[in-house]
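Biologist: I am new to this structure and would like a close look at a single part, the open sheet and what surrounds it. Could you take me through that part slowly, with the terms explained where they are needed?

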Amino acid sequence: MKTKLITLEGYNKLRIEHDYLWKEQRPEVTKIVTWAASLGDRSENADYTFNKRLLRQIDRRVRYLRKLLPELKIVYYAPEQEGKVFFGAIVEIENDAGDIKTFKIVGPEEIYDERKDYISIDSPMARALLKKQVDDEAVVSTPQGDKIWYINKITYAKP
């Protein structure tokens, strides 16, 4: 089951997406569907078929967001988190081979294809890092076996 935690930044992005879909994109597509339907035969009308399908996708996403947004718990930065890895931390880690990775630990709803520097709180890496401090070692279970990573730096994006 996915964790229902989210950063304020992630929540705001989902809210903006919902508002854009509902207030801007859906009315535009609805106008196109209405126009295309008025042309007559819908069975061979590509404008009607394509935009009707697009309208269903928009409605599906809006329903999902309307159900999801009230369930999410926004996690705010707290000074007590400093020095340890918790939700919202930006962590730099290194392994024995000298590979360095930096990422932010966020909720599963904030993971986007274009954001390679975010990892879900539900991921094995994030679970292994939670509550650790700088210079601690984290053992991450992977299909290839356990991997050891060392924490170099922990920061938080402060509001």
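Modeller: A residue is called buried when its relative accessible area is under 20%, and by that cut-off Thr-3, at 19% relative accessibility, counts as buried. Please keep in mind throughout that this is a predicted model. Thr-3 lies in the segment before strand S1, which covers 5-6, and its side chain makes a polar contact of 2.3 Å with the side chain of Asp-122. Once the neighbours within four places in sequence are left aside, the residues in contact with Thr-3 are Pro-108, Ile-121, Asp-122 and Arg-127.

Now to the sheet itself. Five strands make up an open sheet with mixed pairing, and their order is S5-S4-S3-S7-S6. Its edge strands, each pairing on one side only, are S5 (118-120) and S6 (137-142), and on average neighbouring strands are turned by 45° against each other when direction is ignored. In general, the strands of a sheet pair through backbone hydrogen bonds, and they may do so either parallel or antiparallel.

Going across from the S5 edge, S4 and S5 run parallel and are joined by three bridges, with Ile-105 standing opposite Ile-119 in S5. S3 and S4 (residues 100-106), by contrast, run antiparallel and are joined by five bridges, and here Val-91 has Phe-103 in S4 as its bridge partner. The hairpin of S3 and S4 has five residues between the strands, and within this hairpin Gly-98 takes a positive phi near 90°. At the other edge, S6 and S7 run antiparallel with six bridges between them, where Ala-138 is partnered by Trp-149 in S7.

Strand S7 also takes part in a ring-to-ring pairing, and the count of aromatic pairs comes to one. That pair consists of Tyr-77 and Tyr-156, which are tilted, with 5.6 Å from centre to centre and 45° between the planes. Because Tyr-77 lies in the loop between S2 (73-74) and S3 (89-94), while Tyr-156 belongs to S7 (residues 145-156), the pair ties together parts that are 79 residues apart in sequence. The two partners are placed differently with respect to the surface: Tyr-77 counts as partly exposed at 24% relative accessibility, whereas Tyr-156 is buried, with a relative accessible area of 7%.

One further ring is worth adding to the picture: the charged end of Arg-66 sits over the ring of Trp-22, at 4.3 Å from the centre of that ring.

Terms used: Residues are numbered from 1 along each chain as its sequence is written. This is a predicted model: local features need pLDDT of at least 70, side-chain atom pairs count only at pLDDT 80 or more; totals for chains, interfaces and linings use all residues. Side-chain values use heavy atoms; hydrogens and water are left out. Helices (H or I, at least four residues) and strands (E, at least two) are DSSP runs, numbered from the N terminus. Buried means under 20% relative accessible area, exposed over 50%, partly exposed in between (1.4 Å probe, protein chains only). A polar contact is a pair of N or O atoms within 3.5 Å; within protein, one must be able to donate a hydrogen and the other to accept it, and residues adjacent in sequence count only if both atoms are side-chain atoms. Contact means heavy atoms within 4.5 Å. Rings of Phe, Tyr and Trp (its six-membered ring) pair if their centres lie within 6.5 Å; planes under 30 degrees apart count as stacked, over 60 as edge-to-face and the rest as tilted. A charge sits over a ring if NZ of Lys or CZ of Arg is within 6 Å of the ring centre and within 35 degrees of the ring normal. Two strands pair if DSSP finds at least two bridges between them. Axes are lines fitted to C-alpha atoms, for helices over the stretch in contact, and angles run from 0 to 180 degrees between N-to-C directions.
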